[in-house]
Amino acid sequence: MQVDSATQASNGAVPEVAPGEPIIHVRDLVVGFGERTILKGLSLDVMRGEILGFVGASGGGKSVLTRTILGLVPKRAGTVAVFGQDLDGLTFEGRRALEQRWGVLFQQGALFSSLSVRQNIQFPMREYLDLSQGLMDELTIAKLEMVGLTADAAEKAPSELSGGMIKRAALARALALDPEILFLDEPTSGLDPIGAGEFDELIATLQQTLGLTVFMVTHDLDSLHTVCDRIAALADGKVVAVGPIDTMLASKHPWVSAYFHGKRARAAGFGSEGAR
Amino acid sequence: MGAAEAPLLATARNGRELVFVGNGRWVAGQGRALEGSVDAALAEVASGASETARIDLSGVRSLDTLGAVVLDRLLQALDKANIRFQIVGLERRFRPLLDDIIKGSHAHPPRRRRVNPILGGIQLIGKTMASTAEDGLALLSFIGAVVAALLRVLVRPLSFRFTSMIYHLERTGLRAVPIVALITFLIGCIIAQQGIFHFRKFGATTYVVDMVGILTLRELGVLIVSIMVAGRSGSAFTAELGSMRMREEVDALRVMGFDPNEVLVLPRLIALIIAVPLLTFIGNMCALFGGGLVVWLYGGISPEIFITRLQEAIALNTFEVGMIKAPFMAAIIGLIACMEGMRVGGSAESLGAHTTASVVKAIFLVIVVDGLFAMFFAAIDM
């Protein structure tokens, strides 16, 4: 019952973000390791209910930004606010409450290898919710089916799953607590084009069904084309262009222009014959 | 929060029509309460005598997956009881989620079977026996593979990874010197101190020198060093090879036409076989030094007397008995460590289990083999 009231409080007392306000608000973020500065005064807003695609050169700091927002990498300067709350000003409890409202899909899935898929999905439920085992099992199956897996997958160990199934199972775990924000780190990397296409569709569907805000780091031009509402491009440690596809295509920044007008971009249907 | 005071799901009966009125937040945080309300409603459904149902959800302010799953329970029960129902007042934005859940298969995860504890115990014994036998076979086949790799290397000595061997020699040998020296020194001190303390009662203090000399040179030096090496280098070998297996590095070697036993195992094994005798020698000397120091400071026997007494007490074969055992101990530790590393599966847990197994088995076998050697040397009068 304690858990119950805590969750209620967190859902009730936390200031809600009004529609149109940024749900993630990053200002002048500086992050570096040792001598190297990776993010040099980066600013970015993610709006409620949108799918934001985040692109950038390999090693350019895309994952670093995600990890900094999630609090896995310390920042040197700047502010990060999620749900209108500055992450630096949070108490331990506030932080815990906030972490229940976002879900993360790591690039390699990061499923706990010693637990079965069912146990992986129920892991956050057990910690934060007060549910009977029967209901938790039903909920687990519902989540698995949402991400396109069947009930058979529940008792498998992560090492028995294929790459695509790992991503889906990890997505089900990320959705275990019905988060409001979903962070995806290269969700389609390592999937075949058909699998990647299905995954894109899945994310779009889930976003509709669950009313998610999705922050997606990706290299997949098809994903950017089909599911992203807006795209942010990272170059030289800053966001150099942000907006829908048209804005990207019109951008004069050399890296952005090379990215969206390259051979592969044309193959994905960008550039040559105009947008969409 | 006035609206939240209303029950999450209220049930009423209107003639032959059931009326359900939902209110408040149908979210995971309310899990128990929601389940309770819906189960109460299910009881009402089961009591029969209804033809239609009306589910008024206009008071539901939020609905998440859990809320939808619980609601779906109610709908399924209504379906089963052949009651026609309609849902009214549900906010449009919740509809896709509910539809998605209704569409689901409603499969139940396979129940874990309960095992009879007695049968389970017997089963466990059987499994353990089988896995022990399997371990023995695996070790034999691994030794075979390593010997085959060794023979190939002997035929083409240039293919031996000399650099790798030197690297491992430094790690397992040179860098182990300080800790091995310290531990064996302390062991020597302790034996001497205990010896003096107890032998003094019989006036046989000088025999402490015999005891320190024979005990450390024949048995303790090599045992302590082997145990240290099993814990220090054996575990490292297992963890290294295991994580290489987990990340498919071993498979990468194999498809490039290399034999992992030749590239990974042999240099480690040979480095260990060279390092352990050297460490044993250092350990022996340190133990004697420690013993001599305590005998001098605590027992009042001067170093000159200690050395003379030591010469009388021990012969070269005392030293040899210890040293002969060292390379065998090294081979046991190296083989077990590498074999366990090569058997690591996909999970982090498996890596931990095999690293533990590597150290435990190596120490166990080292002690067993030490016992066999003791019998052997007794038989040949050495």
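Colleague: Why is B:E340 called buried?

Modeller: This is a predicted model, so every value is computed from it. B:E340 has 1% relative accessibility. Buried means under 20%. The value falls under that cut-off, so B:E340 counts as buried.

Colleague: Where does B:E340 sit, and in which helix?

Modeller: B:E340 is in helix 11 of chain B, which covers residues 316–342.

Colleague: What is B:E340 in contact with, leaving aside neighbours within four places in sequence?

Modeller: The partners are B:T238, B:H354, B:A357, B:S358 and B:K361. Contact here means heavy atoms within 4.5 Å.

Colleague: What makes B:L9 buried or exposed?

Modeller: Its relative accessible area is 7%. Under 20% is buried, over 50% exposed. B:L9 is therefore buried. B:L9 lies in strand 1 of chain B, residues 9–14.

Colleague: Which residues are in contact with B:L9, leaving aside neighbours within four places in sequence?

Modeller: Among them are B:F20, B:W26, B:V38 and B:L74. As for B:G59, 50 residues away along the chain, its C-alpha atom is separated from that of B:L9 by 9.8 Å.

Colleague: Turn to chain A. What makes strand 8 mostly covered?

Modeller: Strand 8 of chain A spans residues 213–217, and 5 of its 5 residues are buried. A:T213, A:F215 and A:V217 point one way, while A:V214 and A:M216 point the other way. All of these are buried.

Colleague: How do you know that strand 3 and strand 8 of chain A pair?

Modeller: Count the bridges. Pairing takes at least two. Strand 3 of chain A, residues 51–56, has 4 bridges to strand 8. The two therefore pair, and they run parallel. A:G53 has A:M216 as its bridge partner in strand 8.

Colleague: And how do you know that strand 7 of chain A pairs with strand 8?

Modeller: By the cut-off of at least two bridges again. Strand 7, residues 181–185, is joined to strand 8 by 5 bridges, so they pair. These strands run parallel. A:I181 stands opposite A:T213.

Colleague: What do strand 7, helix 7 and strand 8 of chain A make?

Modeller: They make a right-handed β-α-β unit, with helix 7 covering residues 193–210.

Colleague: Which residues of chain B does UniProt annotate as "transmembrane region"?

Modeller: The unreviewed entry lists several spans, including residues 137–155 and 359–380. In the model, residues 137–155 of chain B are 100% helix, with end C-alpha atoms 27 Å apart. Residues 359–380 of chain B are 95% helix and 0% strand, with end C-alpha atoms 31 Å apart.

Notes:
Residues are numbered from 1 along each chain as its sequence is written. Chains are lettered from A and ligands numbered from 1 in the order in which they are written. This is a predicted model: local features need pLDDT of at least 70, side-chain atom pairs count only at pLDDT 80 or more; totals for chains, interfaces and linings use all residues. Side-chain values use heavy atoms; hydrogens and water are left out. Buried means under 20% relative accessible area, exposed over 50%, partly exposed in between (1.4 Å probe, protein chains only). A crossover is right-handed if, with the strands pointing away from the viewer, the path from the first strand over the helix to the second runs clockwise. UniProt positions are given in the numbering used here, feature names are shortened, and annotations may be inferred rather than shown by experiment.
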